[in-house]
Amino acid sequence: MWARAVWLALRVPLGRRRGFTCQADSQGSGRITADVIEHLERLALVDFGSREAVVRLEKAVAFADRLHAVDTDGVEPMESVLEDRCLYLRSDYIAEGNCAEELLQNSHRVVEEYFVAPPGNISLPQLGEQLPFPTDSSSHSGKGIPHEHVEEQ
Amino acid sequence: MAAPMLRWGCPGTRWALAGIGGGFRHRRGASIGSTPNPTREQSTVAQKPLHTAQKLRKGEHKWAAVVGLEIHAQISSNSKLFSGSQVCFAAPPNSLVSFFDASLPGTLPVLNRRCVEAAVMTGLALNCHINKKSSFDRKHYFYADLPAGYQITQQRLPIAANGSLAYSVCVGKKRGQLVSKRVRIKQIQLEQDSGKSLHDDLRAQTLIDLNRAGVGLLEVVLEPDLSCGEEAAAVVRELQLILQALGTSQANMAEGQLRVDANISVHHPGEPLGIRTEVKNLNSIRFLAKAIDYEIQRQINELETGGKILNETRSFDSKLGCTVPMRDKEGKQDYRFMPEPNLPPLVLYDSTTLPAGVDSQQVINIDQIRDMLPELPSVTREQLVQQYGLLPEHSVTLLNEVGLLEFFQNVIKETRAEPKKVASWVLNTFLGYLKQQNLTVSESPVTPSALAELLDLLERKAISSSVAKQVFQELWRGQGKTAAQIVSEQKLELLQDPAALEQLCLATMEEHPQVVTVVGEGGRGSRPDTFP
């Protein structure tokens, strides 16, 4: 992996600074720890199934790190390629909706015009005890126990 | 009862802590065991003395509480923030959902002009600086009622920032003094609402209704300038009044149009801020105050018994009157904010920067909106004081009670009585009856005209004030009679004819000669109740 990073760094032409400094970076900070992987899996609901996937991620980070070589002093950051476009404002009238039947057809399970989801707060198993993912989208806790309950409605 | 509780730190009562284990859990009441000390009952929640955390106890360190509020107000608009589906409270499930709201691939957000105007109006009313350029971001988290997996919000560059909200609280022992305070507003941002989840614990499933998904919200983030539940309640009430006066939100907490989350921590003044907890699920202003005061007290108790405050989210259980942990936090939630790639920055103009020859529908002029601002509650209250000579506290009450101001103004219109008199009747007698029977102004059996007529009778001195109260009670029964009718039917008029009065007095004196003698001899100190 180290060798490949060097090779990539040398291949692509850069500005003033050469890729050697980046090569040093990728060695030191390029390793992605198990904690970070677990954190990412929880946040993005992806599955780093194998060591190879982690390696690929490390390479991607090293590749992106080469942006540090560009001198951006005094340059305004661009947040969106649409920055010089006009944001269109829509008038406040009702134009859509009333397609419950169509939308509900997309759902695996439906109960009386409601979409059905598994209950919230399913916590991911720890890295050590990997269990197969459930087939329907498991809703991982982003908000915890929501406000509404059936009894209170 | 509060006093002995705070003395737990003293050696003499350390034995009382044996079973608690340093934690303050609301279910630990069972572990009290043999101790007869009633203060241990503090760990169950029924008797919660409502006092601010700043009360000094002898020999105790002073605690200061820091409360920050995050308020979400649903924008009153016809359609949603980024789509054309309708905004409506009660509708068949998933009937007000467009393809974008359901996050079907290939759909894009289109910003609603009315929502932007509402945000600018609210920002101006709250003395904020309106950012001429604001941008939208994505806040990522997974939940079934957030179909896209992210919420479009304005975290980095909100539409308005650095404002303030003036409010007043009653202080002093008699709670008669009104003190004016200000809370700083960190920012106001536009964001999407999520759908509604109904939990069916029986079948281990959640039912999702996306009618609310995508509705425009105004998030008002306040700086942590507050220190107790009462201040928080006053702030939220004032914000509610402002939003309703502006028409930007109906701000009805019971219908979920106004949601408040509180961040609470305690510390000793001069020391760094303590760890804060977040309290959610606050459905009314009353519960908001209760929950905040409870949480402050809980944190103080926890720290004084050597425990630690966890940075967690808690929910308010209104039945038990306490806050309970909502979930185990595995560390701070990482929302992975990123700029929303589908929306260019939102640019606002004022009269000087307005570009020429542009479609007026496509530009928003801040100055134009400022000119259209309606009268704010603070101005209304000031006017009441000026126009009618009312006390500030009275004008606060008139505005705080829904419909009371209108009632008051209607009575004033139809009566010749003095405004102060009207105010006294409306705020004391009328409001007193309402509160006693837990009615709203709209449910009152007494109409403004009826009260106006009664006050006219009183003003003409046709009846005495005690009789007036009697008649009011009769009117409250709502049997359709007017004040004049009741007075004539029950012959409650004050006798005006001097001759008749003299005759009545003479007759009375003749019937009770012994009383006359007593009075004649005693002079001073004759009790009024000796006269029939």
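1. Let me start with B:Tyr335: in this predicted model, the residue comes out as partly exposed, at 22% relative accessibility. That is just a call by cut-off, because buried means under 20%. B:Tyr141, by contrast, has a relative accessible area of 8% and counts as buried.

2. Those two tyrosines belong together. There are 12 aromatic pairs over all chains, and B:Tyr141 with B:Tyr335 is one of them: the ring centres are 5.9 Å apart and the planes meet at 70°, so you can call the pair edge-to-face. Both residues are in loops of chain B, B:Tyr141 between strands E5 (137–140) and E6 (150–153), B:Tyr335 between strands E15 (322–325) and E16 (338–339). The pair therefore ties together parts that are 194 residues apart in sequence.

3. Next, have a look at B:Phe430 and B:Trp476. Theirs is also an edge-to-face pair, with 6.1 Å from centre to centre and 65° between the planes. B:Phe430 comes from helix H9 (residues 419–436) and B:Trp476 from helix H11 (residues 465–476), both in chain B, so here the pair joins parts 46 residues apart in sequence. B:Phe430 is buried at a relative accessible area of 0%, and B:Trp476 is buried too, at 8%.

4. Which residues do ring pairs link into a cluster with B:Phe430 and B:Trp476? The others are B:Phe407, B:Trp425, B:Tyr433 and B:Phe472. One cluster member has a charged neighbour as well: B:Lys469 lies over the face of B:Trp425, 5.7 Å from the ring centre.

5. Chain A has a charge over a ring too. There, the charged end of A:Arg90 sits over the ring of A:Tyr93, at 5.8 Å from its centre.

6. Now the interface. Chain B puts 65 residues into the contact and chain A 55. About 5300 Å² is buried between the two chains, and carbon and sulfur atoms give 57% of that area. On the chain B side, the elements that each supply at least two residues touching chain A are strand E2 (111–112), helix H2 (113–125), strand E9 (196–200), strand E10 (205–209) and strand E13 (277–282).

7. How many salt bridges does the rule find across the interface of chain B and chain A? Zero. Polar contacts are there, though: 19 residue pairs across the interface, with both residues at pLDDT 80 or more.

Definitions and conventions: Residues numbered from 1 in each chain as written. Chains lettered and ligands numbered in written order. Predicted model: local features only at pLDDT ≥ 70, side-chain atom pairs only at ≥ 80, totals over all residues. Heavy atoms only, no water. Phe/Tyr/Trp six-rings, centres within 6.5 Å; stacked < 30°, edge-to-face > 60°. Helix = DSSP H or I, 4+ residues; strand = E, 2+ residues; numbered from the N terminus. Buried < 20%, exposed > 50% of the residue type's maximum accessible area, 1.4 Å probe, protein only. Lys NZ or Arg CZ within 6 Å of the ring centre and 35° of its normal. Contact = heavy atoms within 4.5 Å. Buried area = accessible area lost by both parts, 1.4 Å probe. Salt bridge = Lys/Arg side-chain N within 4 Å of Asp/Glu carboxyl O. Polar contact = N/O pair within 3.5 Å; in protein donor to acceptor, adjacent residues only side chain to side chain.
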